[in-house]
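The following exercises concern the reading of a protein model from its coordinates. Each task is followed by a worked solution.

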Amino acid sequence: MTETKALPRAATSVKLAAAKASIAASALLAAAKLAAGLWSGSLALLSESGHAFVDTGATVLTFFAVREAEKPADEEHHYGHGKYEALAALIQTGFLFGLALFIVGEAWRRLQETDVVIDAGWPIYGVLIVSIIVDFVRSRQLRRIAKEEGSDALAADALHFSSDLVSSALVLLGLVAAHYGFERGDALAALGVAVFIAVAGFRLGRRTIDTLLDAAPREMAPHLERAIVDVPGVIAIDSLRLRTIGPDIVGEATIGVSRGLRVEQAARIKSAVAEAIATVTPRARITLSIEPRALDDETIAERILLVGARRHIHAHHVIAQQIEGRLSIGVDVELDGAMPLGRAHAIAADFESALRDEFGADAEVDTHIEPLELQLLAAHVADPAIAGAIKAALARVAAQTRPPAHVRDVRVRETAGGIVVNFRCRLDAAVSVQSAHDALDEIERRTREEFPAILRIVGRAEPGDRSAAA
């Protein structure tokens, strides 16, 4: 599972400081706009002051939401407190739509009046110009901090200040129009303010509702899918479920890998996927699950050995036949030679049942039980004369095999059970595994015919050039 570390205290301080500054700026601007609106009688300016007071309340909510959202997970909130920010944003959305409706009603009423008097002096214009400048600076700062820290609440604040900037500009245009004789310009500007407030509320509400309803992050999901699939060893993504909690992305992913992998190989792929996810978004906390899958190019022998490996059974000497559309399998299994026959038969029967599950219930499966003898024999180097004779015989027989082999590194030891011979031989690198195996079998058989005292011969085939094998 990829884990996101808790946000550093310094980053939290930056977010809280930004929220506090927003509260101060919003409160001062709201008070200035209210005073200017009462002085001038401008409905647009009064509407904008109402918008600013709502924003002040919203920034207060943002402050508390940011402070609560940064608390770590506890026994009651296993995924942390990130949705406090979404809850605060939802409340802000309700305020925005309520204010927009109120302004529309007042603007409609003002449009019905004919004796509207608006007294807008230079102080009124000064308040609006200062408001536009402050809104521009604060929206840029908040947008930058929200992006760096992944804060939805600060992003909502940045959106508020951006809408305030546009609203103040519309109010300014309405007052200028009224000053030059178009009395209804103020009411129309108020309607424009209401439209922008509603648009801001809609954008904020849509993102907030997506967060609260655990909607998948549309823009992030394709990037994560591409990063996961590109990891070597990943066959496919069986499922990927994502949701956002505050600035974090949490979810679950199930990835398909070859069922023939060892546990440590699958663990390495899982770790690589976690690293790939972290490069896309370091704030992701995604639980990864591995799903083994059969590859299309698996041979029958590979499938049989895989079934045996799952049961810790050493299977070998596989014979598979196709008889009238029916698969017939014969395979040797090695079990402890001291094991009771009843237990060994149960293990073999379970293995046969697993093979029928793998290849179909109509498959014919027979197992041959061989004793697996693990003995630790006391040994010593053989008499030089005997060792020399065996080495000479190995070299002579190897040269006569087809393909010919070159014997080296011969070790001859004597044990209580007989002579044990280990050697290596080089063959042409182009020969097949079957041909190399047949050559080693022939070397072993003919050498043991000359030296019946040999208990075991272990030969290792190695690739070499044609001149070395000749």
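Two exercises follow, one on a sheet and one on a surface patch.

The model is predicted, so that local features need pLDDT of at least 70 and side-chain atom pairs pLDDT 80 or more, while totals for chains, interfaces and linings use all residues. Residues are numbered from 1 along each chain as its sequence is written, and side-chain values use heavy atoms, without hydrogens and water.

**Exercise 1.** Determine the strand order of the open four-strand sheet and state which strands stand at its edges.

*Solution.* Step 1: strands (E, at least two residues) and helices (H or I, at least four) are taken as DSSP runs numbered from the N terminus. Step 2: two strands pair if DSSP finds at least two bridges between them; the resulting order is 7-8-9-10, with mixed pairing. Step 3: strand 7 (379–381) and strand 10 (454–464) each have a single partner strand, so one side of each lacks a neighbour in the sheet. Step 4: strand 7 pairs with strand 8 (residues 406–415) in the antiparallel sense over three bridges, and His 380 stands opposite Glu 414 in strand 8.

**Exercise 2.** Locate Phe 136 and classify its exposure.

*Solution.* Step 1: Phe 136 is found in helix 4 (residues 122–149). Step 2: buried means under 20% relative accessible area and exposed over 50%, with partly exposed in between (1.4 Å probe, protein chains only). Step 3: Phe 136 has 45% relative accessibility and therefore counts as partly exposed. Step 4: for comparison of scale, buried residues make up 42% of the 470 residues in the protein.
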